[in-house]
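I set out below what I looked up in this model, entry by entry. I began with single positions and then turned to the fold and the ligand.

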Amino acid sequence: MEVRILDLTRQYEIIKDEVEKAVLSQMAGGQYIMGAAVAEFEKSFAEYAGVKHAIAVNSGTDSLVIALRAAGVKAGDEVITTPFTFFATAETVAAVGAVPVFADVDADTYNLDPAKVEEKITEKTRAILPVHIFGQPADMDGIKAIAKKHNLFVIEDACQAVGAEYKGAKAGAIGDFGCFSFFPTKNLGAFGDGGMITTNDDDLAVICRALREHGMAQNGAKARFLLDGVKDDLEGTVSPDGLYNPYKYYNYLIAYNSRLDAIQAVILSIKLKYLESFNANRKKIAEYYNQALGGLTDIKIPHVSEDVTPVWHQYAFRCSHKDEIGMFLSSKGVGSAAFYPVPLHLQKAFSYLGYKEGDLPVAETLTKETVCLPIFPELREDELEYVVRCVREFYQ
Ligand SMILES: Cc1ncc(COP(=O)(O)O)c(C=O)c1O
């Protein structure tokens with residue numbers, strides 16, 4: 001039997017009719033970037049996440065860059081984050097000219113340890129960037145308490161955690177900003193790249209809207225005032241046929257093109273309706289693995305903290321034979337993954353920061369011990385049973 005780590009074609013079969021109809025109609029309508037479809041998706045996403053504003057962008061990476069810029073993070077500032085995450089989390093900090101400062105993680109949840117965060121605070125710290133890794137929310141009370149004490153922004157990297165909850169609040173609705181990815185493999189995946197920023201703050205929302213589109217027009221002028229304190233008179237030229245926003249070609253900030261395609265928005269709007277049931281299936285799979293693998297002495301099944309509802313973006317257990325299990329499963333036709341093989345502080349791209357092996361021992365151990373098994377909503381029971389049989393066979 002072959003069990004892939006992820007098979008997106010199955011989900012496509014479920015939503016095919018709805019999606020194909022909506023995409024064809026969007027194509028015929030002639031609006032391809034932003035427009036009503038994106039506005040509608042932003043509205044339903046904001047409602048779902050329980051936030052005031054949702055600003056659609058081109059990727060999860062862009063959502064982080066724009067949130068960091070909107071928080072006023074700039075060259076010389078420090079942002080404290082986790083080393084046990086996808087590269088983009090810290091890459092974006094460096095991309096806006098700031099310094100990523102890595103704090104170690106909790107050995108059970110794999111998420112930022114607030115006590116370790118506090119040790120890294122300096123007068124240059126501007127923000128804390130927790131990641132809800134593998135779909136489990138970080139200790140947000142602990143992180144928010146530190147942020148409050150030191151007057152810092154909290155930017156949640158919720159790229160893997162759409163729908164997850166912390167004490168009843170949705171991931172992305174707890175900090176100053178929530179950042180989401182719609183990369184196809186995510187729990188809410190587009191048919192291409194996409195992302196979203198959430199915030200409850202009206203001014204931060206305006207800045208994000210300005211930054212995603214060249215810092216122009218009304219949002220651009222307002223954002224320049226909010227970020228730099230510069231008050232400009234709004235400039236504009238009336239377009240004779242009324243096609244363009246008269247303020248469009250006047251720019252106030254150096255920003256980005258990070259708009260979402262309308263086709264992605266209609267697909268995501270459809271998939272958002274299924275998200276809760278897709279996440280419920282992931283939960284069942286995780287429970288099955290927990291039950292079936294919990295008795296194996298070498299395996300430490302994932303720990304779920306009190307007060308959180310994870311969305312099981314990955315099922316990652318710890319063991320002492322990571323590479324051997326991966327190879328054995330592969331020989332049996334079972335896909336697995338090693339998220340993450342290198343902690344970010346030891347990535348070559350961050351060698352200029354001067355970290356060395358041993359600096360963040362928990363994250364370093366996790367990269368040597370975590371194995372991710374197939375987990376996607378359409379995984380069949382016979383496949384699950386086969387995966388578990390293969391893991392058990394390895395230990396025999
Ligand atoms: C934790 C985390 N942060 C950021 C990103 C970046 O998102 P994207 O690939 O949409 O740019 C991802 C996903 O790839 C991620 O898993």
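**Entry 1: Glu383**

I located Glu383 in helix α12, which spans residues 381–395. The model I am reading is a predicted one. I asked whether Glu383 is buried or exposed. I found Glu383 to be partly exposed, because 18 other C-beta atoms lie within 10 Å and burial requires 20 or more. I then checked the separation of Glu383 from Arg4: the two are 379 residues apart along the chain, and their C-alpha atoms are separated by 9.4 Å.

**Entry 2: backbone geometry**

I looked for unusual backbone angles. Met34 has a phi near 55 degrees, which is positive although the residue is not glycine. I placed Met34 in the loop between α1 and α2 (36–49). With 17 other C-beta atoms within 10 Å, Met34 is partly exposed.

Asp307, also not a glycine, takes a positive phi of about 70 degrees. I found Asp307 in the loop that connects α9 and β10 (308–309). Asp307 is partly exposed, and I noted 13 other C-beta atoms within 10 Å of its own.

I also asked which peptide bond is cis, with omega near 0 degrees. I recorded the bond from Phe339 to Tyr340. Tyr340 belongs to the loop between α10 (322–331) and α11 (361–369).

**Entry 3: the chain and its domains**

I recorded twelve helices and twelve strands in the chain. The chain is as compact as a globular protein of its length, because its radius of gyration of 22 Å is close to the 21 Å that the globule rule gives for 396 residues. Along the principal axes, the C-alpha atoms fill a box of roughly 75 × 55 × 35 Å. I noted that buried residues account for 48% of the 396 residues. Of the contacts between residues at least 6 apart in sequence, 70% join residues at least 24 apart.

The domain assignment divides the chain into domain 1 (8–103 + 110–263) and domain 2 (275–395). I read a distance of 27 Å between the C-alpha centres of domain 1 and domain 2. Their contact draws 24 residues from domain 1 and 26 residues from domain 2. On the domain 1 side, α1 (8–29) and β6 (165–166) each supply at least two residues. I classed the residues on that side of domain 1 as 13 nonpolar, seven polar and four charged.

**Entry 4: the largest nonpolar core**

In soluble globular proteins, nonpolar side chains tend to be buried together. I therefore turned to the largest nonpolar core, which has 117 residues. Which of its residues touch the most other members? I listed Ala67, Ala127, Ile155 and Cys208. Helix α9 (residues 262–293) gives the most to this core, with ten residues. The core lies between domain 1 and domain 2, because both give residues to it.

I followed one of these residues further. Beyond four places in sequence, Ala127 touches Ala71, Val73, Val79, Leu152, Phe153, Val154 and Ile155.

**Entry 5: Cys179**

I placed Cys179 in strand β8 (residues 177–181). Cys179 counts as buried, because it has 30 C-beta neighbours inside 10 Å. Setting aside neighbours within four places in sequence, I found Cys179 in contact with ten residues' side positions that include Gly60, Ser63, Leu64, Ala67 and Ile155. Cys159 and Ile197 are also among the contacts of Cys179. By contrast, the C-alpha atoms of Cys179 and Ala262 are 20 Å apart, with the two positions 83 residues apart in sequence.

**Entry 6: the ligand shell and α4**

I asked how many residues surround the ligand. The shell has 15 residues, and the closest are Ser59, Gly60, Thr61, Cys159 and Ser181. Two elements, α3 (60–70) and α4 (88–95), give two or more residues each to this shell. By class, I recorded five nonpolar, eight polar and two charged residues around the ligand.

I then examined α4 itself. Ala88, Thr89, Ala90, Thr92 and Val93 are buried in α4. The buried residues of α4 pack against α3, β2 (78–81), β3 (99–102), β4 (125–129) and β5 (153–157). Just after α4, I noted that Gly97 has a positive phi of about 95 degrees.

Conventions:
Residues are numbered from 1 along each chain as its sequence is written. This is a predicted model: local features need pLDDT of at least 70, side-chain atom pairs count only at pLDDT 80 or more; totals for chains, interfaces and linings use all residues. A residue is near a molecule or strand if its C-beta atom, placed from the backbone, lies within 6 Å of it. Helices (H or I, at least four residues) and strands (E, at least two) are DSSP runs, numbered from the N terminus. Ala, Val, Leu, Ile, Met, Phe, Trp, Tyr, Cys and Pro count as nonpolar, Asp, Glu, Lys and Arg as charged, and the others, Gly among them, as polar. The radius of gyration is taken over C-alpha atoms; the globule rule is 2.2 Å times the number of residues to the power 0.38. A residue is buried if 20 or more other C-beta atoms lie within 10 Å of its own, exposed if 12 or fewer, and partly exposed in between; C-beta atoms are placed from the backbone. Two residues are in contact if their C-beta atoms, placed from the backbone, lie within 7 Å. Domain bounds come from an automatic or database domain assignment. A nonpolar core is a set of buried Ala, Val, Leu, Ile, Met, Phe, Trp, Tyr and Cys residues joined through C-beta atoms within 7 Å.
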